[in-house]
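Here is a friendly note to read alongside the structure. Take the points in order, and keep the view open as you go.

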Amino acid sequence: FVIGYVKECVPHEDSDHLSVTQTEVDNGEVLQIVCGAPNIAQGQKVVVAKPGAVMPDGLVIWPGELRGVTSNGMITSARELGLDQSADGHRGIMVLEDDAEVGSAFTF
């Protein structure tokens, strides 16, 4: 799990609730990640489960497709990480402070 930066966020062409992001994760590496959170937006610092990450519930994150668009990881919510949802103040993905360092490990 790493801190990522959402460089680009556009609506998915075949969905009314999904967004396609270009998210920098570390050393300039950018992953295309499809996200269904209502609060996803360009310019956010977020927690990313990179391919191969194991979620607290045992789910392994693998590259895949959502409605025909490649997704290489998952932008996570506090709930998905087993954290108190009040930690980030709202439902949806965790949005981190601007001073969070892109590419650094996120521990929970």
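Which cysteine sulfur is closest to the sulfur of Cys-35, and why is there no bond between them?

1. **The two cysteines.** Please keep in mind from the start that this is a predicted model. The cysteine sulfur closest to that of Cys-35 belongs to Cys-9, and at 7.3 Å it is too far away for a bond. Looking from the other end, the sulfur of Cys-9 has its closest cysteine sulfur in Cys-35, again at 7.3 Å and too far for a bond. A disulfide would need the two sulfur atoms within 2.5 Å. The structure accordingly holds 0 disulfides. As for its surroundings, Cys-35 counts as buried, because its relative accessibility is 4%.

2. **The overall plan.** If you are looking for helices, there are 0 of them; the secondary structure comes to 8 strands. Reading along the sequence gives the pattern β-β-β-β-β-β-β-β. The radius of gyration is 13 Å, close to the 13 Å that the globule rule gives for 108 residues, so the protein is as compact as a globular protein of that length. Along the principal axes, the C-alpha atoms fill a box of roughly 35 × 30 × 25 Å. Of the 108 residues, 41% count as buried.

3. **Partners of β1.** A good place to begin tracing the strands is β1, which covers residues 2-11. Strand β1 pairs with β4 (residues 45-49) in the antiparallel sense, over 4 bridges. Within this pairing, Gly-4 has Val-46 of β4 as its bridge partner. Strand β1 also pairs with β2 (residues 19-26), again in the antiparallel sense, here over 6 bridges. On that side you can find Glu-8 standing opposite Gln-22 in β2.

4. **The hairpin of β2 and β3.** Next, follow β2 into β3: the two pair in the antiparallel sense over 7 bridges. One of the bridges to look for joins Asp-26 to its partner in β3, Glu-29. The two strands form a hairpin with 2 residues between them. Asn-27, in the turn, has a positive phi of about 50°.

5. **Two residues with positive phi.** A short reminder helps here: most residues other than glycine have a negative phi. Asn-27, in the loop between β2 and β3, has a positive phi near 50° although it is not a glycine. Asn-27 counts as exposed, because its relative accessible area is 81%. Arg-67 is another residue other than glycine with a positive phi, near 50°. You will find Arg-67 in the loop between β5 (64-66) and β6 (69-71). With a relative accessible area of 49%, Arg-67 is partly exposed, since a residue has to be over 50% to count as exposed.

6. **Residues far apart in sequence.** Is Thr-23 buried or exposed? Thr-23 lies in strand β2 and is buried, with a relative accessible area of 0%. The C-alpha atoms of Thr-23 and Gln-44 are 9.4 Å apart, while 21 residues separate the two along the chain. For a wider span in the sequence, try Ala-105, in the segment after β8 (95-96). Its C-alpha atom is 6.3 Å from that of Ile-3, and the two residues are 102 residues apart along the chain. Ala-105 counts as exposed, because its relative accessibility is 58%.

7. **The largest pocket.** What is the volume of the largest pocket? The value is about 320 Å³. There are 17 residues lining this pocket, and the closest to its centre are Ala-37, Ser-77, Arg-79, Glu-80 and Gly-92. Two elements, β3 (29-35) and β7 (74-75), are the ones that give two or more residues to the lining. Sorted by class, the lining has 9 nonpolar, 5 polar and 3 charged residues.

Note on methods. Residues numbered from 1 in each chain as written. Predicted model: local features only at pLDDT ≥ 70, side-chain atom pairs only at ≥ 80, totals over all residues. Heavy atoms only, no water. Buried < 20%, exposed > 50% of the residue type's maximum accessible area, 1.4 Å probe, protein only. 1 Å grid on protein atoms, 1.4 Å probe; cavity = no way out; pocket = protein on both sides within 12 Å on 5 of 7 lines; lining within 4 Å. Points joined across faces, edges and corners; volume = space filled by probe spheres on them. Nonpolar A, V, L, I, M, F, W, Y, C, P; charged D, E, K, R; others polar. Pairing = 2+ DSSP bridges. Rg over C-alpha atoms; globule rule 2.2 N^0.38 Å.
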